Every structure is written in C-alpha cells, then in structure tokens.
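Q: I should like a close look at a single part of this structure, set out in connected prose.

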Amino acid sequence: MHSYRRSTRPSSFKTYVDIVEFEERPVDVPEEVDNGKVEPNLLPGEIKIAEANNVLKFAPLKTNKTGISGTLFVTNFKVSFVTSLPVDSKEAELHERSLQSHYLGVHDVCLSEVDLVYQISEGSTKKKRLLYNAPLPARVSGLQLVLKNLRVINFSFKFTPAGEDVRIGQALLHHAFPPSIDHLFLSCGHPSPFTGIPEFCLAQDWEKELQRTRCPNWRVSKHNEFFNLCSSLPTVVVVPRDLLDAQLEQAAQHFQGTRPPVWCWGALGGAALVRMAQISPNISDKISVTKSMGTLQRRKLEEESQQQENRMMGLVHRCHPKKLQPTIIDLDQKLPSLKDLQISYIKLRELHTPDDPTQFWEQDRHYFSRWESSRWLSYVSKCLEVAQNAASAIAHHNSSVILQESEGRDMSAVISSLVQLLLDPQVRTLRGFHSLIQKEWVTLGHSFCLRLGHTRNQPEEQSPVWLLFLDCVHQLSLQHHAALEFTSEYLLALWHASHCSLHSSFMFNSVNAKYSATAVLQRENPQQPVYLRPVWSWWAEDHDWLGGEQNGSSESVKGRRSAARDLFLNVHYIQNLMESLAVSGALGRLRDPVSSAHHTWHRIQYLLGDSGPLPYDPNAPVGPLQIDASLRVDVALSSLKPWHECFSGWISEPSVTINEIDSLSRQSTTTVQHWEHVRQIYYTIKSHLSETLTNGVAE
C-alpha cells in the first residue's frame with residue numbers, strides 16, 4: 001500500500017479544557033508541552049495525509065458545552081483524534097464492544113464509517129452538508145461527522161491555525177468517499193490467522209454442506225470458474241443433478257444478473273432451499289439485440305425466458321425424492337423494496353442523530369410514534385413472517401422452497417438465512433452463524449459495497465438490507481433467549497464491523513469484486529503481499545495492531561477478547577449445554593469419545609476454557625443436521641421491540657423510560673451473576689474429572 005511509518009506517543013499533551021459556555025465566553029487553551037511531535041498510531045502501510053492542531057472534540061449531545069482538546073489527523077485509513085485527556089466513559093464502553101478495537105483507538109473513526117459530513121458554525125444551529133466534489137470555504141469553523149453506526153462527532157477549529165482546518169476537510173471528503181473500493185485501506189500487510197470458517201469458494205465446501213444436510217439429487221458445478229457464467233456468483237455453485245453445464249449457461253442468460261437458480265441448503269427429507277433471480281425484463285440487451293427489434297422478436301424472447309424459468313423450476317421439482325411440487329415465494333411482491341427500506345432507515349437516522357439537547361428532547365416527546373411511522377419494525381415483522389412460512393413448508397410439508405427476487409442478492413439472503421436459523425441448530429452456534437453469513441451473504445454475492453455506501457457511486461442504490469437481517473436475528477434472540485450461542489451484542493458488533501475497511505467480509509459486492517480489488521492493490525504494491533482479513537479472524541487475532549497504549553487505553557488484545565467472550569457468548573445457551581450433562585450417567589461418559597456427553601463437554605471447554613483463542617474448535621467435524629429442533633417466532637408487531645442498543649447506542653440519554661432503564665440495569669447485574677454461576681459449575685465438573693482420573697475410577 002504505502003511505506004510503513006512508525007509513530008510515537010507523547011508522554012503528555014494538553015490539560016483538560018472545561019468549555020462550560022462555549023458561545024458566551026472565550027476558552028483558554030493551555031500551551032502544548034513541547035516534548036516531541038504528536039503523531040497518531042499508524043498501521044503498516046497507513047500514512048498521514050493532513051493534521052490540525054488545537055482542535056476541540058465535543059461529547060455527543062453536548063455540543064459547545066463539554067469538550068476536550070487535541071490534534072486531529074486524517075490518514076488513508078481513519079480520522080484520528082490524539083489527546084492525553086480522559087476518555088468519555090460512553091466512548092470507552094462502546095469501543096470495548098467493537099470488533100475493530102484491534103485497529104482503532106477510542107478516538108479513531110475508520111473513513112468508511114463516515115456517512116455524512118456537515119460544516120457547523122459557532123453560535124449557530126444551522127449546518128451545511130459538505131460533498132466530496134464541492135469546494136470548501138476559506139475557513140471551516142467546525143465539522144460534524146454523522147457515522148453509519150448512528151454516532152455524531154463534532155469538532156471545532158476555533159483555535160486551529162489557519163489553513164489546517166481546510167486541509168483536514170479536503171482530505172476527509174476525498175478519502176472517506178472514494179470512487180472505487182480499491183481506494184480504501186483494505187490491507188495492513190499481514191496474513192490473518194486461521195479461522196476455520198469455509199469460504200464456500202471451493203467445491204469441497206459445498207460438497208460438505210450437501211453431505212451434512214443429506215439433501216439428494218444436487219451437484220456441484222465448476223462452470224463459473226472464471227466468472228464467465230455470472231460475475232456475482234462464486235466460482236462453484238450447487239445446481240440440480242440433471243442440469244448439464246451447457247444448459248446452465250444457456251439458462252443463466254434469461255435471468256436478471258445472469259443468476260440462475262442455486263441451491264443453498266436442504267433438509268433430510270429432500271426439501272431444498274433455492275435462491276433464484278427473476279427472468280430478465282431486458283433479455284434483448286443480454287444477447288446484443290438492438291432496440292429496433294420487432295414486437296414479434298421480443299415476444300419470442302420473452303417466451304423463451306419464461307420457458308427457461310419453467311424448466312429450472314421443473315428441475316427443482318424433480319430433485320425432490322418424492323417429486324413434490326416446490327413452494328415458490330416471490331419476495332419482490334411480499335417484502336418491502338430496497339427504496340422503501342432506505343427511506344425507513346433515513347427516518348431512523350434522523351431520529352437518532354440529534355444535533356443538540358434541544359432537538360433531542362423535542363424528538364424524545366414523539367419518539368415511539370416516529371419509530372412507528374418509520375415502518376422499520378413492520379418490515380422486520382414481514383421478513384420474519386415470510387421466513388417462518390418458508391420454514392414451515394420445509395419442516396411440515398417437506399416442500400422445497402424457491403426464493404425469487406430481482407437478482408436474488410438482497411431479500412433472498414435475508415429470508416434464506418432466517419429459514420436456516422429457524423430449522424438448523426448448527427447455524428445457531430457461533431461457528432455455524434459465521435459459516436451462514438459467509439455462504440449466504442459474502443460468497444453468494446450480497447452487494448455490501450453498494451448497499452452500505454462504501455464508495456461515492458450510485459447513492460440511490462444504498463439500502464440497509466444487512467441491518468434488517470441482523471435486527472430480525474435480534475428479535476429471534478429476544479423470543480428464544482437460550483437458542484443462539486451468540487448475543488445481540490455480537491450482532492451489533494457485526495453491524496459496526498461492516499463499516500470498517502479492514503474487515504474485508506463486508507467490503508465487496510461479490511467474490512469476483514474482491515479478487516479484482518486485490519489484483520489492483522497487488523499491481524500497485526508488487527513488493528508487498530496483499531492480505532485481506534475476514535471479520536471472523538477477530539476471534540483468533542493475537543497481535544496488538546495499535547502498537548501499545550493508544551489514547552489512554554492499555555488493555556491487551558487478550559484481555560479485550562476475554563472480556564468480549566462474556567459479552568458476545570450467550571450464557572443461557574452455555575447453561576443449557578451444561579444442563580444436558582445432568583442426566584443420569586452423563587458425567588461418567590465424558591471421556592467416551594463416541595458419546596454425545598463427550599462432545600458436549602469438549603464444546604463447553606472451548607467456550608469457557610483457555611485451550612485456544614477461538615470460541616469453537618475449528619478442527620472438530622460439523623455434526624449432521626438435526627430435524628427436531630426447529631424454532632417458531634411471534635411475528636406480531638406487539639411482540640417486536642425497537643433495537644435500542646443499535647439505534648440509540650450513541651445517545652447519552654437513550655429514549656427509554658425510567659422503568660426500562662432500571663430493567664436494563666438489573667439485567668446487566670443478573671448476567672454477571674449468571675456467568676459466575678456457570679463458571680462455578682464448569683470448574684466443579686473439571687475438578688470431578690480430575691479426581692476420578694487421579695483415583696483411577698473408570699470413566
């Protein structure tokens with residue numbers, strides 16, 4: 001990327017600046033102690049682009065009232081505010097819960113996190129949005145950053161030397177909104193640790209999934225090896241056994257995005273879950289036919305497309321061992337459009353990013369009515385309803401389900417993933433959930449770059465489909481508190497991580513786009529290997545990328561990950577595992593390698609013990625599909641709850657009632673006590689095993 005540049009951290013910088021009434025009286029900023037150049041901590045390949053001294057950073061919802069002073073930097077990776085002053089407790093808490101704390105300090109913001117940039121003025125409530133292609137004024141009095149995680153940060157340049165404010169603004173606008181994904185800082189030059197999560201880019205990954213689900217009459221095709229079939233699908237796909245590759249290629253031309261029906265999951269009875277695009281409305285464009293084509297020719301092409309669609313559905317029908325008719329669900333008809341979803345999200349963003357306390361309290365009076373008017377929970381409810389109907393067709397009627405939508409890359413990923421969560425216990429584990437996301441979202445080509453707005457191109461195509469799915473899983477976890485191995489806090493961490501460019505899992509529109517970006521980066525830096533790091537590597541990471549203490553934080557990577565286990569792993573799920581060992585004779589079978597008790601204990605050790613950095617054993621074989629552990633979810637709006645931790649997480653005074661605050665406080669205390677109880681049981685069992693082994697008791 002660029003030459004590595006090491007930074008140093010000064011022993012002290014500035015004293016605390018108490019800005020009680022910023023508008024009414026001047027603020028005395030003490031002189032900087034001259035003990036060396038202040039620099040941000042830089043990753044390998046990261047370079048500093050601009051800096052501004054004597055910058056004031058204000059706490060959320062306390063604009064121009066409470067702030068700290070420091071130096072603001074823009075690098076090719078982040079916006080970094082360097083200060084030796086105390087860290088706001090809210091910022092420190094939420095930073096500890098993030099997956100990007102390996103790469104970012106408490107006062108750092110990844111450039112790809114920036115959603116909107118405004119120019120703000122002292123003593124005025126007006127603000128002006130700044131665009132990447134618009135000129136800046138000669139003097140910038142302040143900047144407001146609205147982040148994609150619904151956080152607002154305000155910086156004042158009142159005491160900043162002239163010119164530095166403009167350079168910061170120019171660098172920020174240029175690098176936070178790049179023209180293409182390869183302009184982002186994607187690689188820090190070191191390979192990621194082994195994660196044990198299949199990428200589903202190899203035939204063997206799909207073959208293992210076919211074997212696990214024991215779904216017959218499907219095969220792995222390598223016909224897309226060079227993305228000649230479809231640029232947004234992986235190099236290998238699972239298709240009906242009777243479909244020849246030549247027929248697959250011919251059929252693909254008649255579907256939007258050249259995405260034919262592909263298998264993604266199956267049940268033991270033979271029912272398959274299939275994702276399929278709609279037939280192309282502009283088939284003439286795909287075979288280079290001019291716009292002057294006659295009506296007869298167009299009609300003939302439409303008929304051919306319809307025949308191909310019917311033929312593909314017929315093949316799915318014949319794949320079923322009992323030749324049962326598949327259930328076809330048109331998601332374009334049943335679910336909100338991408339535009340509707342984006343409008344809903346914008347309403348929630350406006351509700352949860354107030355500029356000042358006055359606006360906050362004004363919005364707070366109508367908080368729940370505005371939540372309702374956004375229709376977000378209605379869309380969550382509808383997704384859960386469609387997923388539950390699809391799961392019921394598979395589980396109760398042994399019917400294959402075909403999920404059909406435009407290009408089959410957005411809502412089909414939501415519904416397919418939810419169906420598997422409802423039916424497949426393996427997917428509810430942390431490792432299984434990682435594999436699910438890798439398969440359904442990353443490898444099968446959800447347009448993360450486009451939908452999350454990682455570049456400045458096609459803003460009209462942005463839509464929070466990924467957040468919608470995470471919220472659906474959050475609602476599922478609320479109704480089945482012991483069913484998932486991971487917590488809602490981990491879902492929130494994944495949402496935040498999807499905006500960090502070093503988590504490559506959520507940066508690209510497809511596997512092909514990832515390969516292309518990697519090739520571009522490698523050509524630009526032929527002497528340095530380019531390594532893209534999947535988000536799953538966080539669990540195995542043992543390197544302190546920040547190079548020691550940063551901005552007052554001295555926690556090690558190991559300490560952060562250990563604390564995160566209690567936050568990200570579901571204590572109720574683990575307790576259920578332990579209770580399964582309470583049946584008669586189970587403890588006596590813990591050392592029997594073929595017993596279920598042995599495998600359960602082995603898993604508990606990986607979750608609670610110190611045997612390895614991962615919360616699962618990547619070398620353990622994935623168990624076969626179970627058929628008697630399906631879940632049901634209440635999709636009524638009255639049973640769904642706003643995800644306050646996600647949407648209100650950065651608001652200092654969340655829009656919840658006093659009773660809810662007390663309830664959350666009690667819940668937090670109860671969770672800590674619950675973990676202590678579970679660990680006591682764990683150590684008791686370990687002690688029992690140690691004693692029986694020492695005494696020579698037969699296990």
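In what sense do S5 and strand S7 (residues 142-147) pair, and over how many bridges? Please then describe the surroundings of S5.

A: The model is a predicted one. In it, strand S5 and strand S7 (residues 142-147) are paired in the antiparallel sense, over five bridges. Two of the residue pairs can be named from the S5 side. Tyr-118 has Gln-144 of S7 as its bridge partner, and Gln-119 has Leu-143 of S7 as its bridge partner.

S5 also pairs with strand S6 (residues 127-129): three bridges join these two strands, which run antiparallel. Here Tyr-118 appears again, standing opposite Arg-129 in S6. Tyr-118 is therefore placed between two partners, since its bridge partner in S7 is Gln-144 and the residue opposite in S6 is Arg-129.The burial of S5 can be stated as well. Of the seven residues of S5 (residues 114-120), seven are buried, so the strand is largely enclosed by the rest of the structure.

These pairings belong to a wider arrangement. Eight strands form an open sheet in the order S4-S3-S2-S1-S8-S7-S5-S6, and the pairing is antiparallel. The edges are occupied by strand S4 (108-110) and S6; each has a single partner strand, so one side of each is left without a neighbour in the sheet. From one strand to the next, the twist averages 30 degrees.

A helix also lies against this sheet. Helix H2 (residues 164-176) packs on the sheet and touches five strands by name: strand S1 (48-58), strand S2 (67-75), strand S3 (78-82), S5 and S7. The direction of H2 makes about 115 degrees with that of S1. S5 is thus in contact with H2, in addition to its bridges with S7 and with S6.

For completeness, a helix pair elsewhere in the chain may be described. The axes of helix H13 (residues 430-443) and helix H15 (residues 465-479) come within 14 Å and cross at roughly 150 degrees. That angle makes H13 roughly antiparallel to H15. The crossing of the two helices is right-handed. On the H13 side, Phe-433, Leu-436, Ile-437 and Trp-441 take part, and they meet Val-465, Trp-466 and Phe-469 in H15. By class, this contact of H13 with H15 has seven nonpolar residues, no polar residues and no charged residues.

Terms used:
Residues are numbered from 1 along each chain as its sequence is written. This is a predicted model: local features need pLDDT of at least 70, side-chain atom pairs count only at pLDDT 80 or more; totals for chains, interfaces and linings use all residues. Side-chain values use heavy atoms; hydrogens and water are left out. Axes are lines fitted to C-alpha atoms, for helices over the stretch in contact, and angles run from 0 to 180 degrees between N-to-C directions. Helices (H or I, at least four residues) and strands (E, at least two) are DSSP runs, numbered from the N terminus. Angles under 35 degrees count as roughly parallel, over 145 as roughly antiparallel, 65 to 115 as roughly perpendicular and the rest as oblique. A crossing is left-handed if the near helix is turned anticlockwise from the far one by less than a right angle, and right-handed if clockwise. Contact means heavy atoms within 4.5 Å. Ala, Val, Leu, Ile, Met, Phe, Trp, Tyr, Cys and Pro count as nonpolar, Asp, Glu, Lys and Arg as charged, and the others, Gly among them, as polar. Buried means under 20% relative accessible area, exposed over 50%, partly exposed in between (1.4 Å probe, protein chains only). Two strands pair if DSSP finds at least two bridges between them.
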